[in-house]
Every structure is written in structure tokens, then in C-alpha cells.
Amino acid sequence: MKRSKRNFGIVTSLLVIPLILSACSSEAVEENDVVRADANKTEVIGAHESLIQEPVAPEVERDGSDVYIQMTAQITDVEIANTYNYKAWTFNGEAPGPVIVVNEGDTIRFTLENLDPSIPHSMDFHAVHTAPNKGFADVAPNEEGTFVFPANSPGVFMYHCGTDPVLSHIANGMHGVIIVQPAEGYPTDAEIDQEFVIIQNEWYRYNDLEDMTNGEPSQVVFSTKALHDGQVNTNGTVGGLIDRPLEAKAGEKIRFYVANMGPNEYSSFHVIGTVFDDVYIDGSPFNHYKGMQTVGLPASGGAVAEFTLTDEGEYKFVTHHFNHV
Ligand code: CU
Ligand code: CU
């Protein structure tokens, strides 16, 4: 396996500023034993071998404050480095999965359709208060699971598959971001000109639980998810945001919804050549910090990070753990 470590994106500003810029039963327990055994191999699970499931877009429909969200668990090849495809375990064929945006006060009516023919998957939203053995229960192959939760906590939250062994399911690609927009907004909303979603995650040797547990990541990558029409949407591909930098104009105030999926590494998120004027840790308006050079993101952590690029140019962002850059 190619071990490449090139982890930075770029924001440029337009005047030529690229702003680089189910219920658990004894059956399920037996299935989990099978999963654990399989996940200790580095090989593709047999049933996945020739499987490339076409990405299925998530369905999000609003009816008042009820939001119906339907997502899939599916097996899809994801390019994570030039000519290197990873047979990822995904939500909706993307890794990281699609960004989901709801409002504080909404009721989420969530359905997971498990298109994987061989192993169970599930959904764990960090934005939720629920008994995980109920809300986040495994969904068997070719079945659907539903749960309902109120989105009462605003912020930038991780979601991930919570099926055992969780490390395999996250590291194989089953993670993403849900943004719960605060009912009263952020105090800096009126200043924002551009906003983007930035996600960090790391990859390991294919489906190798031993490497995921004790090894070093093979790749540490940034991706972006389209928040608005016309925005770029990428997987966790090495150099993905170098090839397609984010763009903004000099002087505009930029907001990043940034999150670190891990599964293991800490992120010291930093934009070279600027200071974060306003930061909301975990995206909560109550956690408002000013003048930060680097935003610390534990595995699963998120933030809203805002800054202005005063001069035209190319601005790289990195995790300041430079062994990963
Ligand atoms: Cu899973
Ligand atoms: Cu979690």
C-alpha cells in the first residue's frame, strides 16, 4: 500500500485569491461475531469483492419542523489517492458521507437503508440524546431501521456507523457531519460572506483492524462537502482540495464548519497566514472564542471557525501535526 501523506487544502481569493481558501437479538450478536472475525482480515469481505454500489443521494424532506432523512449504508469504491481506490464502507457512497443540515428545534425522522448484502450497519448521530441500544441499533443487511429524535443542541456534530467493531466501520469510511443550526443564529452571522464545510479523516491499510488499532495512518486527508449549490463536494482524497481550491474574495469573512472524523488522530486545524477571529467550539454559540491561531479538534470534534483573508493569494490549511502534512 502506498503511504502518502499530503494533508493540506487551499483557500484562494477570487481577485485571484484562491480561498483554498433493528433490534439487537441473538442473531445480531452472531452477526457481530462474524463481523469481528472478518474485520481482523485485511482482505475485502467476500460479498463485497465485486460490489460497487452506485452512490444513492440522501433524501431530505421538510414538513414544518419535521425533517425526514433517508440515508443508505453501501459499499462503493472511493478514490483516496491517485489510482488507489478503497472499497469503502460508506453512507450514500461518499466517504466522508454527505453533510446533513437541520435547524435547532427540528424533529428528525431518520431512516437507514442497509444496502450492504453481508453485514449490519447503523447510525450514531452525536447531535442526539437517545439510548444507543435503541436509537443506534444495528440494521441487518437489506433491511431498514428508523428512529426519531429532536435536534435540540445546536452545533457541528459527527455521525458515524456504530456497529461493532466501530473502529473498522469508521476507518473504512462510515462517518460524516450533521450541522444543527442554532435557533438564534451565531452573533457573527451578519458578517459572513462565504461558508464551507471542511472535514479531516485518516485512512489505514484496507480493512485491517490491527493497523487501525496500532498502526500509523496511511493517509491523512481533508475533504469538503457542498453546503450550497455550485460548491465542490469531495471524498477524503489526497490533495482533493489542492486540485480544486475553495475560492473567496480578499476581505470577505469566511466561515468554516470544520470537523475531525479521526478515527484516531487529533487535528490542530490552522489556516496559514491568518487568525481565526471568531471560533465556536463544537459549533455551539455559547462556546465563542476570539483570536485563535489553531483550533483543536479531538477525534469526533467540530467547530465553526471564522476568518478574513486580507491579501490576495493562496492560503493553505493544515493540521499543525506536521508529521501528517
Ligand atoms: Cu457500518
Ligand atoms: Cu461516536
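A residue counts as buried when its relative accessible area is under 20%, as exposed when that area is over 50%, and as partly exposed in between. The exercises below apply this and similar criteria to a predicted model.

**Exercise 1. Decide whether histidine 160 is buried or exposed, and do likewise for histidine 126.**

Step 1. Histidine 160 has a relative accessible area of 8%, and because the limit for a buried residue is 20%, histidine 160 is buried.

Step 2. Histidine 126 has a relative accessibility of 32%, which lies between the two limits, so histidine 126 counts as partly exposed.

Step 3. For the chain as a whole, buried residues make up 56% of the 325 residues, and the accessible surface comes to about 13,100 Å², with 48% of it belonging to carbon and sulfur atoms.

**Exercise 2. Find which protein atoms are the donors of the copper ion (ligand 2), and where in the chain their residues lie.**

Step 1. The protein donors of the copper ion (ligand 2) are the NE2 atoms of His126 and His160, which lie 2.0 Å from the ion.

Step 2. Histidine 126 belongs to the loop between S7 and helix H2 (132-135), while histidine 160 belongs to strand S9, so this pair ties together parts that are 34 residues apart in sequence.

**Exercise 3. Name the residues that coordinate the copper ion (ligand 1), and work out what geometry the site has.**

Step 1. The coordinating atoms are ND1 of His121, SG of Cys161, ND1 of His169 and SD of Met174, at 2.0 to 2.5 Å from the copper ion (ligand 1).

Step 2. Along the chain, the donors of the copper ion (ligand 1) follow the spacing H-x39-C-x7-H-x4-M.

Step 3. Histidine 121 and methionine 174 link distant parts of the chain, 53 residues apart: histidine 121 is in the loop between strand S6 (107-114) and strand S7 (124-125), and methionine 174 is in the loop between helix H3 (166-171) and strand S10 (175-181).

Step 4. Four donors count as tetrahedral if all angles lie between 85 and 135 degrees; the angles among the 4 donor atoms of the copper ion (ligand 1) are 88 to 133 degrees, and the site is tetrahedral.

Step 5. Both histidine 121 and methionine 174 are buried.

**Exercise 4. Classify the aromatic pair of phenylalanine 125 and tyrosine 159, and then that of tyrosine 186 and tyrosine 280.**

Step 1. A pair of aromatic rings is described by the distance of the centres and the angle of the planes. A search of the whole structure finds 21 aromatic pairs.

Step 2. The ring centres of phenylalanine 125 and tyrosine 159 are 5.8 Å apart and the planes stand at 65 degrees, and because an angle over 60 counts as edge-to-face, the pair is edge-to-face.

Step 3. Phenylalanine 125 lies in strand S7 and tyrosine 159 in strand S9 (residues 155-160), so the pair ties together parts that are 34 residues apart in sequence. Phenylalanine 125 and tyrosine 159 are both buried.

Step 4. The pair of tyrosine 186 and tyrosine 280 is tilted, with 4.7 Å from centre to centre and 45 degrees between the planes.

Step 5. Tyrosine 186 is in the loop between S10 and strand S11 (194-203) and tyrosine 280 is in strand S16 (residues 276-281), 94 residues apart, and both tyrosines, 186 and 280, are buried.

Step 6. Ring pairs also link a cluster made up of Phe91, Phe110, Phe125, Phe136, Phe147, Phe149 and Tyr159.

**Exercise 5. Determine which salt bridges arginine 255 forms with aspartate 189 and glutamate 195, and where these side chains lie.**

Step 1. A search of the whole structure finds 12 salt bridges. In the one between aspartate 189 and arginine 255, the closest N and O atoms are 2.8 Å apart.

Step 2. Aspartate 189 lies in the loop between S10 and S11 and arginine 255 in strand S14 (residues 253-260), so the pair ties together parts that are 66 residues apart in sequence.

Step 3. Arginine 255 is buried, with a relative accessible area of 3%, whereas aspartate 189, at 35% relative accessibility, counts as partly exposed.

Step 4. Arginine 255 also meets glutamate 195 in a salt bridge, at 3.9 Å from N to O. Glutamate 195 is in strand S11 and arginine 255 in strand S14, 60 residues apart, and glutamate 195 counts as buried at 16% relative accessibility.

Step 5. Asp189, Glu195 and Arg255 are among the residues linked in a network of salt bridges, which also includes Lys253 and Asp278.

How values were computed. Residues numbered from 1 in each chain as written. Chains lettered and ligands numbered in written order. Predicted model: local features only at pLDDT ≥ 70, side-chain atom pairs only at ≥ 80, totals over all residues. Heavy atoms only, no water. Donors = N, O, S within 2.8 Å, 3.2 Å for Na, K, Ca; no water. Tetrahedral: all angles 85-135°; square planar, octahedral: opposite > 155°, others 65-115°. Helix = DSSP H or I, 4+ residues; strand = E, 2+ residues; numbered from the N terminus. Buried < 20%, exposed > 50% of the residue type's maximum accessible area, 1.4 Å probe, protein only. Phe/Tyr/Trp six-rings, centres within 6.5 Å; stacked < 30°, edge-to-face > 60°. Areas by Shrake-Rupley, 256 points an atom, 1.4 Å probe, with all protein chains shown as cover. Salt bridge = Lys/Arg side-chain N within 4 Å of Asp/Glu carboxyl O.
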